[in-house]
Amino acid sequence: MRTITEKDEENITSMRNTIRDGIQNIEFDGNWLDDYETWRAEERNQFEALLTIKDPFNLACVGDREEFDMSDPKNLRDLDIFCMSLFLSEKLRDTTLKIFDEVRKERIRERKVARIEEYFSLLKAIIDSRQLSGCIVTLNDLAEKQMVLQGKRTVDLYGSFYSLREILRKSSVESLYLLLMYWRIKKDRKSLKELTVSVVDYIQAYFDEFDKDPEMRLYYPLDGLMTVKKLAVIEHWLEIIAFHTNGIFEKYKELKWLMPVDKMADNIIETNQISRCEMMYYKSVFSSDDDKTVQQKAVCNHGYGIWRKTVDVMYIVCDIFQILYNYSEEDLKKMNTSKAAMLEGYDNMVKIRDYYTRKVFFHQVYFQNERRYLDSQIMEALEEDAELIAKSVDDVIGFIDAIAGDDIESMLQAKQNYINSLSDFASKDQEEKLDELTVHVVEKIKDSVRKLDVYDKLYSSVSDDFIEYAAILLQHPQILSSLVSAEYLYRQYVSDQDPNVKFDYSCISIMYYMALEDFLNKIVYIPYADDVLSKIDRSKIRNQDWQRNDSKEYVSSFSAFWDKYKRLKRSCEIGVLGHLLEAVQTERYFREYLERRFAGIDVNRVEVYGQALINVAPRRNDAAHGGNYLTYADVCTDKDNVYNTVETYKGMIIELMEICFSR
């Protein structure tokens with residue numbers, strides 16, 4: 001045995017201090033070093049010895065047991081390293097389950113995405129941390145020696161290491177669910193790729209023994225394959241797993257080996273391989289059996305725990321195919337696939353999943369009203385999603401009924417109900433339809449406000465703010481309509497009201513931004529379009545060279561001002577107009593037009609104003625997007641942006657009028 005030198009002692013002490021610094025640097029729902037100190041002080045985490053399990057079948061003599069001498073600083077230092085490494089594994093596991101539960105229950109997708117991104121950033125910080133690498137090295141070393149910590153509780157360090165590694169690689173079933181939710185909302189190919197790679201990692205880790213099947217080819221090189229090809233390989237693997245598992249399960253069911261230890265297996269299966277500590281548990285349960293039978297029963301129960309977890313993975317893969325099927329043909333073509341291929345993949349996966357699920361849960365209490373198993377929560381979450389989608393049919397009908405009526409409160413509530421039930425699951429095309437419905441709701445609300453007795457009084461009140469521009473605004477009779485409606489809703493649901501966390505304020509916000517667009521379009525863009533852009537030779541629009549070069553003198557983004565039919569738009573959104581105004585110094589025709597129409601206009605101020613429009617454009621888009629849910633604070637900010645007349649700040653409508661007409 002190698003003697004520990006003074007240099008070794010220095011290195012171990014340095015490792016302890018470095019790990020503590022690494023844990024202290026983690027700030028996620030509190031400081032983790034503070035959490036470690038609390039965790040370490042708990043009675044259950046008082047450890048006395050480190051045990052090496054050499055023979056799990058000999059309960060009387062399981063191996064070397066090293067007692068910690070609590071009066072020896074070196075022993076306390078070593079124990080602290082072991083405990084910090086164990087804490088990191090357990091804390092990250094608990095955090096993963098917490099985030100999974102939060103994301104599963106959260107219905108506002110911006111918050112869902114933000115929480116997942118915070119969690120992924122945490123994983124990256126741990127992976128990138130040189131200070132915390134000592135925890136991983138320590139646990140790996142202890143796992144290889146099949147060691148356990150003993151004291152108030154016994155901790156299998158083999159399981160702790162593999163649990164930590166699995167979570168950091170995002171291949172736990174909870175991690176797969178978080179990756180699925182993230183991709184479902186973001187709809188980007190990078191997220192789908194990461195999700196697919198993690199599913200591959202899971203299958204390769206947990207079904208290594210199935211690689212003996214010549215059709216499995218578990219380690220077929222996948223690096224060069226596109227994501228949809230990898231999904232086809234995953235589908236193939238899961239089909240073989242379902243086939244093999246059926247035969248194995250039937251054999252175990254006949255032997256009646258599963259019944260006594262179902263629950264126990266749930267609690268201790270954290271890895272793809274059986275540790276000696278886990279085997280020792282089985283030896284205790286099956287104490288009357290010979291060692292060979294105990295080993296067989298351990299393999300049986302351990303495998304059963306893995307099969308149950310894999311049901312969740314199959315549900316996730318089914319969802320991947322279903323979501324891809326809802327992509328447009330154009331988007332699928334970019335991925336070298338089609339709707340027909342995705343439908344076939346989804347159909348096959350549903351058959352594999354249902355066949356596999358029936359076999360695995362045949363004898364278990366899985367489908368009782370109150371489920372007891374941790375891993376079933378993912379299936380539960382996906383089933384809750386399915387129920388929401390079914391319920392959304394009623395919400396859609398309510399949405400349409402509200403649009404058909406005149407009741408403002410009903411229209412606002414109908415949009416909110418629809419968002420809560422289906423926004424996470426809408427395809428790109430469906431989101432666009434939802435955005436169109438939002439516009440219809442806003443227009444209906446404006447019509448309803450115009451019918452109210454208070455409308456004329458409100459109109460007069462708003463008009464007073466523009467009294468010096470009355471002659472100009474009289475040329476545009478409806479220019480104040482959106483602003484008056486926004487003010488009515490603001491007074492009804494925001495002014496002198498407490499914030500309502502269950503109320504969606506987006507319809508009020510979008511009305512303020514529509515009011516700003518009304519002014520921008522009618523005062524600036526439409527006259528420019530009529531006087532300058534409409535005189536462009538239509539044949540030139542089809543000339544790509546002209547669009548790339550000459551058009552820059554007219555508009556910052558040429559195509560943004562024409563629709564897909566090459567027709568000049570009669571109105572544009574804030575972002576497009578912002579880019580037009582920001583580029584006033586370089587767009588010669590636009591600058592000359594402004595100088596002719598608004599005598600003495602300050603083009604430098606126009607440029608700054610254009611940048612301000614670009615900055616608020618994302619808020620306008622958030623308000624208009626049918627799947628978004630805005631808060632009390634959001635709508636207050638949006639009103640400030642558009643129509644705040646306090647001395648310290650001018651809303652953008654007031655500022656626009658000053659830029660164009662005040663000299």
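**Close-up views of the predicted model**

**Figure 1. Asp634 and Arg619 form a salt bridge, with their closest N and O atoms 3.7 Å apart.** Asp634 sits in helix α27 (residues 632-643) and Arg619 in helix α26, so this pair ties together parts that lie 15 residues apart in sequence. Please keep in mind, here and in the views that follow, that this is a predicted model. How exposed is Arg619? Its relative accessibility is 27%, so Arg619 counts as partly exposed.

**Figure 2. Arg619 also meets Asp638 in a salt bridge, at 2.7 Å from N to O.** Here again the two helices are joined: Asp638 belongs to α27 and Arg619 to α26, so the pair ties together parts 19 residues apart in sequence. Asp638 has a relative accessibility of 1%, which is why it counts as buried. Elsewhere in the chain, Asp29, Lys98, Glu102, Arg115 and Glu118 are joined into one network by salt bridges that share partners.

**Figure 3. A salt bridge of 2.7 Å, N to O, joins the side chains of Arg620 and Glu517.** Which helices does this pair tie together? Arg620 lies in helix α26 (residues 603-624) and Glu517 in helix α21 (residues 506-531), so the parts brought together are 103 residues apart in sequence. Arg620 and Glu517 are both buried. For context, the count of salt bridges in the model comes to 32.

**Figure 4. Helix α20 (residues 481-493) and α27 have axes that come within 12 Å and cross at roughly 145 degrees.** The crossing of α20 past α27 is left-handed. On the α20 side, the contact is made by Leu483, Glu487 and Tyr490, and on the α27 side by Val635, Cys636, Lys639 and Tyr643. How do the residues of this contact divide by class? Five are nonpolar, none are polar and two are charged. Helix α27 is also the home of Asp634 and of Asp638, the two partners of Arg619 shown in the opening views.

**Figure 5. The axes of α20 and α21 come within 8 Å and cross at roughly 155 degrees.** These two helices are therefore roughly antiparallel to each other. As it passes α21, α20 makes a left-handed crossing. The contact draws on Ser482, Leu483, Ser485, Ala486, Glu487, Leu489, Tyr490 and Tyr493 of α20, which meet Ile508, Met511, Tyr512, Met514, Ala515 and Asp518 of α21. By class, the contact of α20 with α21 has ten nonpolar, two polar and two charged residues. Leu483, Glu487 and Tyr490 of α20 will be familiar from the contact with α27, and they take part in the contact with α21 too.

**Figure 6. Helix α7 (residues 173-186) and helix α8 (residues 189-206) cross at roughly 160 degrees, and their axes come within 9 Å.** Is α7 roughly parallel or roughly antiparallel to α8? The angle makes α7 roughly antiparallel to α8. The crossing of this pair is left-handed. From α7, the contact is made by Val173, Leu176, Leu179, Leu180, Tyr182, Trp183 and Lys186; from α8, it is made by Ser191, Leu192, Glu194, Leu195, Ser198, Val199 and Tyr202. Ten of the residues in the contact of α7 with α8 are nonpolar, two are polar and two are charged.

**Figure 7. Ala125 and Ile26 are 8.1 Å apart in space, C-alpha to C-alpha, and 99 residues apart in sequence.** Ala125 lies in helix α4 (residues 109-128). Its relative accessible area is 46%, so Ala125 is partly exposed. Across the protein chain, 73% of the contacts with a separation of 6 or more are between residues 24 or more positions apart.

**Figure 8. An overview of the whole chain shows 28 helices and four strands.** What share of the chain counts as buried? Of its 663 residues, 52% do. Arg620 and Glu517 are among the buried residues, and so is Asp638, whereas Arg619 and Ala125 count as partly exposed.

Conventions: Residues numbered from 1 in each chain as written. Predicted model: local features only at pLDDT ≥ 70, side-chain atom pairs only at ≥ 80, totals over all residues. Heavy atoms only, no water. Salt bridge = Lys/Arg side-chain N within 4 Å of Asp/Glu carboxyl O. Buried < 20%, exposed > 50% of the residue type's maximum accessible area, 1.4 Å probe, protein only. Axes fitted to C-alpha atoms, helices over the stretch in contact; angles between N-to-C directions. Parallel < 35°, antiparallel > 145°, perpendicular 65-115°, else oblique. Left-handed = near helix turned anticlockwise from the far one by under 90°. Contact = heavy atoms within 4.5 Å. Nonpolar A, V, L, I, M, F, W, Y, C, P; charged D, E, K, R; others polar.
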